[in-house]
Each structure stands twice: as structure tokens, then as C-alpha cells.
Amino acid sequence: DIPLERIARVGTMHWPWWGGVGVRIARGLVAFVGASGPAAVLELTEPVAVRAPLTWSASRVAIGVEDLEGFVAAIAEARGVSP
């Protein structure tokens, strides 16, 4: 769970095939992806502890979703900002 007030921005990225699938970690990033392709990226106001499966500090979280535009719009609406 990431509180809405911790989300500074929502963007998109292309998750590369060589990045793999499942839970992936990188410097300051945790990704939850099932395939390569478009993914949503939550940029946070401060790092959060994410279990991936070990605890990892992340200031960005990438999420592979089926409806990328809908996901980004839903977060923007919940935050009261335009996508």
C-alpha cells in the first residue's frame, strides 16, 4: 500500500524485455511487472519500504497494468489533479 499523499507524480515507462518479469529491484526502484511493455511509474515524495521479497527502499515504483491510461487517470482523479 502506498498512501496517495506520498505520490508526487505518476508517469509511464517502457519496461524492457531484458528487465525480466515479476518483482524486480534497482537503485531506488521496485517494479512489479508481468511482461515487457508499458508500465506506470509512481514517483514518491519520500522513499518507502517495499517487500520485494526482502525489504527494499524505493522512491519510485513501476507497475505493469493492463489498462495503463485508466490506472494513471484513476490515481490522478483520487489525488484531485489532471493526468
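## Exercises on a helix and its sheet

The buried residues of helix H1 in this predicted model are Leu68, Val72, Ile75 and Ala76.

**Exercise 1.** Work out where the buried residues of H1 sit around the helix axis, and what they pack against.

*Solution.*
- Start with the cut-off: buried means under 20% relative accessible area. Leu68, Val72, Ile75 and Ala76 of H1 meet it.
- Next, take their directions from the axis. They cover an arc of only 100 degrees, so they lie on the same side of H1.
- Finally, find their partners. These buried residues pack against E1 and E4.

**Exercise 2.** Compare the span of H1 with the expected value, then place H1 on the strands.

*Solution.*
- H1 has 12 residues. From first C-alpha to last, H1 reaches 17 Å.
- At 1.5 Å a residue, 16 Å is expected, and the span is close to that.
- H1 covers residues 68-79 and lies across E1, E4 (37-51) and E5 (55-63). Against E1, H1 runs at about 175 degrees.
- Just after H1 comes Gly80, with a positive phi of about 80 degrees.

**Exercise 3.** Give the strand order of the sheet and identify its edge strands.

*Solution.*
- The sheet is open and has 5 strands, ordered E1-E4-E5-E3-E2, with mixed pairing.
- Strands E1 (7-15) and E2 (22-26) are the edges: each pairs on one side only.
- On average, neighbouring strands are turned by 35 degrees against each other, direction ignored.

**Exercise 4.** In which sense do E2 and E3 pair, and over how many bridges?

*Solution.*
- E2 and E3 (residues 29-33) are antiparallel, over 5 bridges.
- To locate the pairing, look at Gly22: it stands opposite Val33 in E3.

Note on methods. Residues are numbered from 1 along each chain as its sequence is written. This is a predicted model: local features need pLDDT of at least 70, side-chain atom pairs count only at pLDDT 80 or more; totals for chains, interfaces and linings use all residues. Side-chain values use heavy atoms; hydrogens and water are left out. Two strands pair if DSSP finds at least two bridges between them. Helices (H or I, at least four residues) and strands (E, at least two) are DSSP runs, numbered from the N terminus. Axes are lines fitted to C-alpha atoms, for helices over the stretch in contact, and angles run from 0 to 180 degrees between N-to-C directions. Contact means heavy atoms within 4.5 Å. The expected span of a helix is 1.5 Å times one less than its number of residues. Buried means under 20% relative accessible area, exposed over 50%, partly exposed in between (1.4 Å probe, protein chains only). The arc is that of the directions from the helix axis to the C-beta atoms.
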